[in-house]
Amino acid sequence: MSRNCFVPLCKEGYPSTRSTNKVLGIRNKTLFKAPKDPKVLAQWVKAIPRSDRDLRSGIDRVCEKHFAETSLIKYFENVMADGSIQKIERDRICLKENAVPSLFPDLPHYLSSIKKIRKPQV
């Protein structure tokens, strides 16, 4: 079972990164298993620029820094009797149901940029 991030050049999950973060007092990034739903898995495979091996469902993991903030659930939200919302921080961050990794800060520009489709010359 993979304990590090599947995205190329991402060092999250490696023992050296975890121990360095512990010494510095930094919280380790949460790793999310690849989804079991074939449709969502296909979206993950298409989004992650890796060609040397396939993303395995339920085995390989992707860290939280590759997801948009809107795809992460960081708080428990409780609606109080007076209508106000109380937020309690989660110990472990969760993913929303159909979240797809979209941020790749460690990759070179040519791997992480969206290629423009050129119109044929007339």
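A salt bridge is counted where a side-chain nitrogen of Lys or Arg lies within 4 Å of a carboxyl oxygen of Asp or Glu; Glu69 and Lys74 form such a pair, their closest N and O atoms being 3.0 Å apart. The model discussed here is a predicted one, and the protein chain averages a pLDDT of 86, with 90% of the residues scoring at least 70. The points below take up confidence, the salt bridges, the loop between α1 and β1, and helix α2.

**Confidence**

- Among the elements of the protein chain, β2 has the highest mean pLDDT, 93, whereas helix α3 (residues 109-112) has the lowest, 61.
- Where pLDDT is low, the predicted coordinates should not be read in detail.

**Salt bridges**

- By the rule stated at the start, the count comes to five salt bridges.
- The side chains of Glu64 and Arg27 meet in a salt bridge with an N to O distance of 3.0 Å; this pair links distant parts of the chain, since Glu64 belongs to the loop between β2 (61-63) and β3 (72-79) and Arg27 to the loop between α1 and β1, 37 residues apart.
- The two partners of that bridge are placed in unlike surroundings: Glu64 is buried because its relative accessible area is 7%, under the 20% cut-off, whereas Arg27, at 47% relative accessibility, counts as partly exposed.
- Arg50 and Asp52 also meet through their side chains in a salt bridge, at 2.7 Å from N to O; Arg50 counts as partly exposed at 26% relative accessibility, while Asp52, at 58%, counts as exposed.
- In the pair named at the start, Glu69 counts as exposed at 56% relative accessibility, and Lys74 counts as partly exposed at 27%.
- Arg53, Arg56 and Asp60 are linked in a network of salt bridges.

**The loop between α1 and β1**

- Ile26 is found in the loop between α1 (15-24) and β1 (31-33), and with a relative accessible area of 45% Ile26 is partly exposed.
- Together with Val23 and Leu24, Ile26 makes a nonpolar surface patch of about 330 Å².
- Thr30 has its place in the loop between α1 and β1 as well, but Thr30 is buried, with a relative accessible area of 10%.
- Leaving aside neighbours within four places in sequence, Thr30 is in contact with Val62, Cys63, Glu64, Arg92 and Ile93; among these, Glu64 is itself the salt-bridge partner of Arg27.
- Thr30 and Glu12 are 18 residues apart in sequence, and their C-alpha atoms are 8.8 Å apart in space.

**Helix α2 and its two faces**

- The buried residues of helix α2 (residues 38-47) are Val40, Leu41 and Trp44; they cover an arc of only 100° around the axis, and therefore they are on the same side of α2.
- An α-helix has 3.6 residues a turn, so residues three or four places apart point the same way.
- What covers the buried residues of α2 includes β1, β2 and β4 (85-95).
- The face turned away from the buried side of α2 carries the exposed residues Pro38, Lys39 and Lys46.

Conventions:
Residues numbered from 1 in each chain as written. Predicted model: local features only at pLDDT ≥ 70, side-chain atom pairs only at ≥ 80, totals over all residues. Heavy atoms only, no water. Patch = residues over 30% accessible without salt bridge, like charges linked within 9 Å, V, L, I, M, F, W, Y side chains within 5 Å. Areas by Shrake-Rupley, 256 points an atom, 1.4 Å probe, with all protein chains shown as cover. Helix = DSSP H or I, 4+ residues; strand = E, 2+ residues; numbered from the N terminus. Buried < 20%, exposed > 50% of the residue type's maximum accessible area, 1.4 Å probe, protein only. Contact = heavy atoms within 4.5 Å. Arc of directions from axis to C-beta. pLDDT = per-residue confidence, 0-100.
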